[in-house]
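Open the model in your viewer and keep the sequence panel beside it. The stops below go from one selection to the next.

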Amino acid sequence: MKKYLMGIDVGGTAIKIGQFDLEGILINKWDIPTNKTDCGQHILPEIYEFLDSIVNLDEVKGIGFGVPGPVTNGVIKNGVNLGWDVLDVKGEFLSLLGNKEIIVKVSNDANVAAAGEVFHGAAKGYKNVCLFTIGTGVGGGIIIDGKLVDGYDGVGGEVGHMLVDHNRRFTCNCGKSGCLETVGSATGIVNLGKMYRAIDSSSKLNRYEKLSAKMVFDFAKKGDQAALKAIDEATNYLAYALSLVTLVINPEIFVIGGGVSYAGKFLLDKIESQYYQYVTPFITHAKFALAELGNEAGMYGAAYQVR
Ligand SMILES: [Zn+2]
């Protein structure tokens, strides 16, 4: 009898494992450390051994994975955070499972986070969803008709690398410059905060050597002009990127997650008010919501794939 779905979010430092019933109700969850030694070759065998020790695998209907990197057909192409290069995650895990009848699916971690919000979070009940995860970088996940969109090369939903700053002032982790990540992420907010405080000696941001996105938000809320300019500009780029996504897939709802989303309604209001100056006039009532599942979204979404 198949009774369970397993959702596994493989992160660079920890692996989150969730056991769900077939309706998607979380029954149990665990964190195990990510063993990145020997180019990450122990990661999948250790996950298999852990699963085998906590659950009767004959009762598992499916095991879904979220992994950090572009994925197509279960193969991750650039799993550098795990020590992996190109790895057939689905194929390797199926061979670990031997002849057990278990569905295995693998997707990019930002895409599964979007699926998690559909499964049990801010986008529950919606079938066409776009999630922006705004943290150190900007990740994106796209769900169309209830299905995750990985894209042909696995870069579907990689909104963080949309070119939005045409002056290309800051260099991105991807090697290019001007990406949304360089001006719309926590890193981007710090980039802009530093730029605006340098030309405004009255800004309280000048009192600190090191800036964080949270500091820029906190001072913006208090009316500091340099901080406000930084937040207005960052949210302007985010709004612009959301308007472009609207014209491509026209989702029912945008979900904003990641560490920066803890700025809450202040962030959402800034994005929403600027969005309408870019998007087509046909769109007058777009839905925006803050993510609800925090760092468990990936675990939920990983299980969603095999529901
Ligand atoms: Zn980039």
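## A pair in the second domain's sheet

Select L131 and V255: L131 stands opposite V255, which belongs to strand 12. This is a predicted model. Widen the selection to the two strands, residues 129-134 for strand 9 and residues 253-257 for strand 12; they pair in the parallel sense over 5 bridges. Now add helix 8, residues 225-249, which packs on the sheet and touches strand 9, strand 10 (138-144) and strand 12. The direction of helix 8 makes about 155° with that of strand 9.

Next show the whole sheet. It is open, has 5 strands in the order 11-10-9-12-13, and its pairing is mixed. At its edges are strand 11 (147-148) and strand 13 (288-290), each of which pairs on one side only.

## The loop after strand 9

Go to G135, in the loop between strand 9 and strand 10. What lies 4.9 Å from G135, C-alpha to C-alpha, yet 123 residues away in sequence? The residue to select is G258. Leaving aside neighbours within four places in sequence, the contacts of G135 are S185, A186, G258, G259 and V260. Is G135 buried or partly exposed? G135 has 17 C-beta neighbours inside 10 Å, so it counts as partly exposed.

## Helix 6

One of the contacts of G135 is A186, and A186 is among the buried residues of helix 6. Select residues 186-198 to see helix 6 in full. Its 13 residues should span 18 Å at 1.5 Å a residue, and the end C-alpha atoms are 18 Å apart, which agrees.

How many of the 13 residues of helix 6 are buried? The number is 10, and the helix is mostly covered. Colour A186, T187, G188, I189, V190, N191, L192, G193, Y196 and R197 to mark the buried positions. These buried residues pack against helix 5, helix 7 (213-221) and helix 8.

## Two residues with positive phi

Select N250, in the loop between helix 8 and strand 12. N250 is not a glycine, although its phi is positive, about 45°. It has 15 C-beta neighbours inside 10 Å and therefore counts as partly exposed.

Then select R168, in the loop between strand 11 and helix 5 (180-184). R168 also has a positive phi, about 50°, and is not a glycine. With 13 other C-beta atoms within 10 Å, R168 is partly exposed.

## The two domains

Colour the chain by its domain assignment: domain 1 is 4-120 + 296-304, and domain 2 is 129-291. The C-alpha centres of the two domains lie 28 Å apart. Across the boundary, 14 residues of domain 1 are in contact with 18 residues of domain 2.

Which elements give two or more residues to the side of domain 1 that touches domain 2? Select strand 5 (71-72), strand 8 (103-108) and helix 4 (109-120). Helix 4 gives the most, with 7 residues. The residues on this side of domain 1 divide into 8 nonpolar, 4 polar and 2 charged.

## The sheet of strands 1, 2, 3, 4 and 8

Keep helix 4 and strand 8 on screen. Helix 4 lies across strand 1, strand 4 and strand 8, and runs at about 110° to strand 8. These strands belong to an open sheet of 5 strands in the order 3-2-1-4-8, with mixed pairing. Strand 3 (26-33) and strand 8 stand at the edges with a single partner strand each, so one side of each is left without a neighbour in the sheet. From one strand to the next, the twist averages 15°.

Select strand 1 (residues 4-10) and strand 4 (residues 60-67), which pair in the parallel sense over 6 bridges. Which residue in strand 4 is the bridge partner of M6? Pick I63.

Finish with helix 10, residues 297-304. Helix 10 lies across strand 1, strand 2 (14-21), strand 3 and strand 4, running at about 130° to strand 1.

Conventions:
Residues numbered from 1 in each chain as written. Predicted model: local features only at pLDDT ≥ 70, side-chain atom pairs only at ≥ 80, totals over all residues. Pairing = 2+ DSSP bridges. Helix = DSSP H or I, 4+ residues; strand = E, 2+ residues; numbered from the N terminus. Contact = placed C-beta atoms within 7 Å. Axes fitted to C-alpha atoms, helices over the stretch in contact; angles between N-to-C directions. Buried ≥ 20, exposed ≤ 12 C-beta atoms within 10 Å, placed from the backbone. Domains from an automatic or database assignment. Nonpolar A, V, L, I, M, F, W, Y, C, P; charged D, E, K, R; others polar. Expected span 1.5 Å × (residues − 1).
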